[in-house]
Amino acid sequence: MIRLQREHLETLLAAVDHGTLDAAARALAVTPSAVSQRIKAMEQQVGRVLLRRTTPVTPTAAGEIVLRHARQARLLDDETARALDGETGTVPSIPLAVNADSLGTWFLDALALVRAETEVVFDLHREDQDRTAELLRAGTVMAAVTAEADPVQGCSSVALGVDRYRAVAAPSFVDRYLADIDPTTASERRVLDRLDRVPLVDYDRADDLQQGYLRRVLGHAPRGPRHFVPTSADFARAVGLGFGWGLLPEAQCTDPLDRGELVELVPGRRADVALWWQRWNLASPMLERVTEAVRATAAEHLHPPR
């Protein structure tokens, strides 16, 4: 049976979280040589390489397993200390992964419910919903909002709901690029054909929401020029300022549509993104409370799961 030393596990965590062995040494107030020796000792103990000595360092497949164990051990120790010492105990830190639109609309409300009841800090990792599950696999986070329904090994998965997106643009954009088309009366195909050639706003180069929206109808990605605006609030603002058309979650566009600040371009066609909550199968009261708050808040803001 392998019994890993807590000091070694904390060193592995520090190396991955801070990116380099030198940075880990500073965080732990030890020498870089001590960090390297601890990592090597743990690798010799398990008989596997645990870290790739890249910049930043990254865990190997075996390292991901040990990293997950290290985070679980830290959380359970923190919760035990908190239960024994009350308010003077260690404040637990919960690393979570979430997509930008959820973070910008409803996710923080869920975490505020937890913070209202207990002392806890959150380490949020913002990533596309199609990639947040990778952070679970790597042992980087304990739970994630994800588009992946099948549970990651060692995790449970529950449906949160459907985030519905609408294709919208500013009235000034419609006047400039769609002056001869009334989106409320023109055929869907005619509007989509025009959107294929006009400017659009993408979150980043990996964002496939707008691309897929047109590809499903036209058979190819849009050919118009693309703006890249990589934050949820600024993405919505760029659309509202007329940079290009884009797909916004209803939480960000319903009120502006009602006020006439945005125009829905294809009223009969929405884009639905099903979201799931995956978390480690760990008997942690804190992780369970976070899960309850996330599920309850998602139920208030998202459409029911399919």
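This note sets out points on the fold, a central strand, a helix pair and two backbone features of a predicted model.

1. Overall composition. The protein chain contains 12 helices and 11 strands. Its C-alpha atoms fill a box of roughly 70 × 40 × 30 Å along the principal axes. Of its 306 residues, 50% count as buried. Among contacts with a separation of 6 or more, 72% are made by residues 24 or more positions apart.

2. Strand β3. This strand covers residues 93-98, and 5 of its 6 residues are buried, so the rest of the structure largely encloses it. As background, side chains in a regular strand alternate between the two faces of the sheet.

3. Partners of β3. Strand β4, residues 121-126, pairs with β3 in the parallel sense over 6 bridges. Within this pairing, L96 stands opposite L124 of β4. Strand β5, residues 143-146, also pairs with β3 in the parallel sense, here over 2 bridges. In that second pairing, A97 stands opposite A144 of β5.

4. The connection from β3 to β4. Helix α5, residues 100-115, joins with β3 and β4 in a β-α-β unit, and this unit is right-handed. The parallel pairing of β3 and β4 noted above thus belongs to two strands of one such unit.

5. Geometry of α2 and α3. Helix α2 spans residues 21-28 and helix α3 spans residues 32-46; their axes come within 8 Å and cross at roughly 105°. Because angles of 65 to 115 degrees count as roughly perpendicular, α2 is described as roughly perpendicular to α3.

6. The contact between these helices. On the α2 side, L21, D22, A24, A25 and L28 take part, and they meet P32, V35, S36 and R38 of α3. By class, this contact comprises 6 nonpolar, 1 polar and 2 charged residues. An α-helix has 3.6 residues a turn, so residues three or four places apart point the same way.

7. Burial within α2. Which residues of α2 are buried? They are L21, A23, A24 and A25. Of these, L21, A24 and A25 also appear in the contact with α3. The cover over the buried residues of α2 includes α1 (6-18), α3 and β1 (51-52).

8. Residue D22. D22 is found in helix α2 and takes part in the contact with α3. Is this residue buried or partly exposed? D22 is partly exposed, because its relative accessible area is 44%. The C-alpha atom of D22 is separated by 48 Å from that of R216, which lies 194 residues away along the chain.

9. Residue A29. A29 follows just after α2 and lies in the loop between α2 and α3. Its phi is near 60°, a positive value in a residue other than glycine. This residue is exposed, with a relative accessible area of 67%. For context, most residues other than glycine have a negative phi, and most peptide bonds are trans. The backbone at this position therefore merits a look in the model when the loop is inspected.

10. The T55 to P56 peptide bond. This bond is cis, with omega near 0°. P56 is found in the loop between β1 and β2 (58-59). Strand β1 is also among the elements that cover the buried residues of α2.

Technical notes
Residues numbered from 1 in each chain as written. Predicted model: local features only at pLDDT ≥ 70, side-chain atom pairs only at ≥ 80, totals over all residues. Heavy atoms only, no water. Buried < 20%, exposed > 50% of the residue type's maximum accessible area, 1.4 Å probe, protein only. Helix = DSSP H or I, 4+ residues; strand = E, 2+ residues; numbered from the N terminus. Pairing = 2+ DSSP bridges. Right-handed = clockwise from strand over helix to strand, strands pointing away. Axes fitted to C-alpha atoms, helices over the stretch in contact; angles between N-to-C directions. Parallel < 35°, antiparallel > 145°, perpendicular 65-115°, else oblique. Contact = heavy atoms within 4.5 Å. Nonpolar A, V, L, I, M, F, W, Y, C, P; charged D, E, K, R; others polar.
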